[in-house]
Amino acid sequence: MTPSFSHAFIFDLDGVITDTARLHLAAWHGLARRLGLPFDPAMEARLRGLSRMDSLDLILGDAASRFSTERKQALADHKNAAYVESLGDMSAADLLPGALAALQAVRDGGWGLALASASMNAHTVLQRLGIAPLFHHVVDVAAIARGKPAPDIFLAAAQALGVPPAHCVGIEDAAAGIAAVRSAGMFALGIGDPLALPEADRVLPGLDAFRPTDFLH
Ligand code: B16
Ligand code: MG
């Protein structure tokens, strides 16, 4: 049976709950260096939230057509191996400030709680952080046709929770993620720098300032 809640909070993972965004960027930076491709600071903001293959295409840029599908897959696998290794001995100590309290407050309030991460490694990261049991639903990104900024992953979360998008809040650190939340018809709560997330309905510096009741509408 589809569970049903009056409202739902749908969280991104990397960059919102834990700082793995930094590790993804470091792994991509390493790959770009190895390929002799430029990697300017502006690239970092554009990469956030994109799927693995969309990220690779962005890094390869005009050179993308010179790489076969097999070679691109090998490069993506190489980046992923470096990323997974960098997770090291990740634990609950790697939760960002306020993250656990924010998730717990949503559960305690009786609202739906879902994860909408573009990462194929999301289950591993949730387990390591010790927060997997808190979520009513974790979207299986492998079953999602279009990555962020398409709304698909957020719409899948809302549907699984049985909550109309207009009663959902999507919480994201990336411009691509905020675009996905907005096009899903949800309230877009940005985490980070307001200048980097101009499309968000509201931006908080971190989850330590998050109170679910501020966003019920
Ligand atoms: P993987 P999120 C995203 O996670 C990351 O922000 C992005 O940098 C990464 O490329 C993407 O997941 C795919 O991750 O290579 O592990 O499948 O922010 O949507 O939680
Ligand atoms: Mg993110």
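These notebook entries record what I looked up about the domains and the ligand of this structure.

**Entry 1, the model.** I note at the outset that the model is predicted.

**Entry 2, the domains.** I looked up how the protein is divided and found domain 1 (8–19 + 92–215) and domain 2 (21–89). I then looked up the separation of their centres, which is 23 Å when taken over C-alpha atoms. For the contact between them, I recorded 14 residues of domain 1 against 14 residues of domain 2.

**Entry 3, the place of the ligand.** I asked where ligand 1 sits. I found ligand 1 in the largest pocket. Its shell takes at least three residues from domain 1 and at least three from domain 2.

**Entry 4, the shell.** I counted 15 residues around ligand 1. The closest of these are Asp 14, Ser 117, Ala 118, Ser 119 and Asn 121. By kind, I entered the shell as five charged, six polar and four nonpolar residues.

**Entry 5, polar contacts.** I asked which residues place a polar side-chain atom by an oxygen atom of ligand 1. Ser 119 does so at 2.6 Å, and Lys 148 does so at 2.7 Å. I also noted Gly 49, where a backbone N or O atom lies 3.2 Å from an oxygen atom of ligand 1.

**Entry 6, burial.** Lastly, I looked up the area of the ligand. Ligand 1 taken alone exposes 470 Å², and I recorded that the protein buries 98% of that.

Conventions: Residues are numbered from 1 along each chain as its sequence is written. Chains are lettered from A and ligands numbered from 1 in the order in which they are written. This is a predicted model: local features need pLDDT of at least 70, side-chain atom pairs count only at pLDDT 80 or more; totals for chains, interfaces and linings use all residues. Side-chain values use heavy atoms; hydrogens and water are left out. A residue is near a molecule or strand if one of its heavy atoms lies within 4 Å of it. A polar contact is a pair of N or O atoms within 3.5 Å; within protein, one must be able to donate a hydrogen and the other to accept it, and residues adjacent in sequence count only if both atoms are side-chain atoms. Accessible areas come from the Shrake-Rupley method with a 1.4 Å probe; for residues, only the protein chains shown count as cover. On a 1 Å grid over the protein atoms alone, a cavity is a set of points where a 1.4 Å probe fits but cannot get out, and a pocket is an open set with protein on both sides within 12 Å along at least five of seven lines; lining residues have an atom within 4 Å of a point. A molecule sits in a cavity or pocket if more than half of its atoms lie within 2 Å of its grid points. Ala, Val, Leu, Ile, Met, Phe, Trp, Tyr, Cys and Pro count as nonpolar, Asp, Glu, Lys and Arg as charged, and the others, Gly among them, as polar. Domain bounds come from an automatic or database domain assignment. Contact means heavy atoms within 4.5 Å.
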